[in-house]
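Open your viewer and get ready to click along. Each stop below tells you what to select and what you will find there.

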Amino acid sequence: SKATVSVLNWFHPPCSATPRRGAGTAMRPPRRWPAAAAARARAPRQQRPYTHHTTSVTHNTHANEAKAKIEAYFVNRDKWSDPWTACLTDFPPTPRECEPAVDLSKVGHHVVDACNAVLMTKEQFDEAMEVRAKMEECLKNQTKEANLMLFTFGSCMSGLGTQSSDLDLVIMRCDSDGKPLNPTTRDEQLAHFNDYLHMLEDTKGGIFPRSELKLIQARVPILRREVPSGVNCDISLFFHGVRNSVLLREYARSCPFFMPMSIVLREWGKQVGICNSLGGYLTPYCMNVMIIKYLVQEASEEYRVPMPPLLPPVYYPRHPSQYLPPPMEMQRREKRFVRELGVHIAGFLRYYAVYSWLDKVISAAEPIKDSREDSPLWCDERHKTTDVIIEEMFSQQDRSLPIPNMAGKVDAIKLLNIRELCMYSYLHVMQHACLPSEPQDPSSKAWQPGMPASKPQFML
């Protein structure tokens, strides 16, 4: 349906993507074009797929040359595919170099509409906070511990939640001085989770049916509540996620581009398979750190949020004080904001397609460092041979973190897939932005920039 916002259709490669051997579940473009695709590439322009018409912009010669280079680069994409060195050469022009021949405001309009459609509503937020309050009261009554606290973290705390997001919680037990008393070993955590599971059962004085509760005995145990309709919960005993979520919420408040970029790029990463921690790729948290690094280094230093000091858990908010609405620039659809948002979406994809992953580190800590020798993880022998290093935001302040490198499972093959998909997506976004705007019939009910969208499809 034309009324459906299909933002991520622009990221779709022209040929069917297949996973490379040993690459997990991430999609990658084929090494060579099939015969039919090669024949279409040699065919006249009007018979090629994913081409654009000539625009009327002729006064800016440099921009038109950059646009022509984008098209030539898109057709001859085998030039930069090198599985052995995992590096790219002959990079395409940046979004700034293609202006004004490329209208990236169209990309920004689609991203804004997609975010408005999938962002967690205030009613869903209030329902999740009500469930958290009931669980905290139930656990306090059962354990008779006044210092037991239930913290919110994840997307509900950071304000980056969608309508399908779960409620992530952390149970913290502290002494009279505020010192944490949570267990540290896996066996102790499983024993505590068994006690909490019985406390939450409705037959034992709890509030949930036994069929909704399940103990996940993974490397990091989790107590999960699953319901067909309602608020799903994941409960853990690690406090590190609370600090990260509070810091991400400050970035969402200070930078108007962070929220829409995080939502769209995380959904894109899940669709193509690179935002998949179970498959050995990146986590949504890694995507957020990558966005912060890009915005601070490429957009503006004013978006940097000072790193807060490490404090005991009692000094952190147990839940967000209020619902975090979208940025005002996004709600008002300011022309400059929408255009810059499209530029940053395209710029992010190009930035990490040409980024020197093997020589640098991705960090959102303050100050942001590029060189691996400047990273505290380089002192650890385990990380000196790691292909990708994405630092946990508090890794420079807290050396006791269990997983300081958030991308330790990403090997060279997966890294090549990430870079290739970023480059493919960048080229397709730029190709779509080169398309001239079609004349709109005022009586038509087809979707137009600015119209609300109810069910966006993040299809690839």
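**First stop: a loop residue**

At 72% relative accessibility, Lys144 counts as exposed (buried means under 20% relative accessible area, exposed over 50%, partly exposed in between, with a 1.4 Å probe and protein chains only). Select Lys144 in the loop between H5 and S1. Helices (H or I, at least four residues) and strands (E, at least two) are DSSP runs, numbered from the N terminus. Although Lys144 is not a glycine, its phi is positive, at about 60 degrees.

Before moving on, a word on what is on screen. This is a predicted model, in which local features need pLDDT of at least 70 and side-chain atom pairs count only at pLDDT 80 or more, while totals for chains, interfaces and linings use all residues. Residues are numbered from 1 along each chain as its sequence is written, and side-chain values use heavy atoms, with hydrogens and water left out.

**Zoom out: the whole chain**

Now show the full protein chain, with its 13 helices and 5 strands. Of its 460 residues, 53% count as buried. Among contacts (heavy atoms within 4.5 Å) with a separation of 6 or more, 73% are between residues 24 or more positions apart. Turn on the surface: the accessible area of the protein chain is about 21300 Å², and 52% of that belongs to carbon and sulfur atoms. Accessible areas come from the Shrake-Rupley method with a 1.4 Å probe; for residues, only the protein chains shown count as cover.

**Next: Thr184 and helix H7**

Select Thr184, in the loop between strand S2 (167-173) and helix H7 (186-200). Thr184 is exposed, with a relative accessible area of 63%. Add Leu237 to the selection: the two residues are 53 apart along the chain, and their C-alpha atoms are separated by 8.6 Å.

Then follow H7 itself. Its 15 residues reach 21 Å from first C-alpha to last, close to the expected 21 Å (1.5 Å times one less than the number of residues). Which residues of H7 are buried? Highlight Gln189, Leu190, Phe193, Tyr196, Leu197, Met199 and Leu200. Their cover includes helix H5 (122-143) and the strands S1 (148-153), S2, S3 (213-216), S4 (222-225) and S5 (233-236).

**Then: helix H10 and its neighbors**

Select residues 284-299, which form H10. H10 has 16 residues and reaches 21 Å from its first C-alpha to its last, close to the 22 Å expected. Because 12 of those 16 residues are buried, H10 is largely enclosed by the rest of the structure. Its buried residues pack against helix H8 (240-254), helix H9 (258-272) and H12.

Keep H10 in view and add H12 (residues 335-353). The two pack at an angle of about 105 degrees, with their axes 10 Å apart. Axes are lines fitted to C-alpha atoms, for helices over the stretch in contact, and angles run from 0 to 180 degrees between N-to-C directions. H10 and H12 are therefore roughly perpendicular to each other (65 to 115 degrees). To see the contact, show Met290, Ile291, Lys293, Tyr294, Leu295, Gln297, Glu298 and Ala299 of H10 with Val343, His344, Gly347, Phe348, Tyr351 and Tyr352 of H12.

**Last stop: Arg333**

Finally, select Arg333, in the loop between helix H11 (328-332) and H12. Is Arg333 buried, partly exposed or exposed? Arg333 is partly exposed, with a relative accessible area of 24%. Its phi is near 55 degrees, a positive value in a residue other than glycine.

Methods: Parallel < 35°, antiparallel > 145°, perpendicular 65-115°, else oblique.
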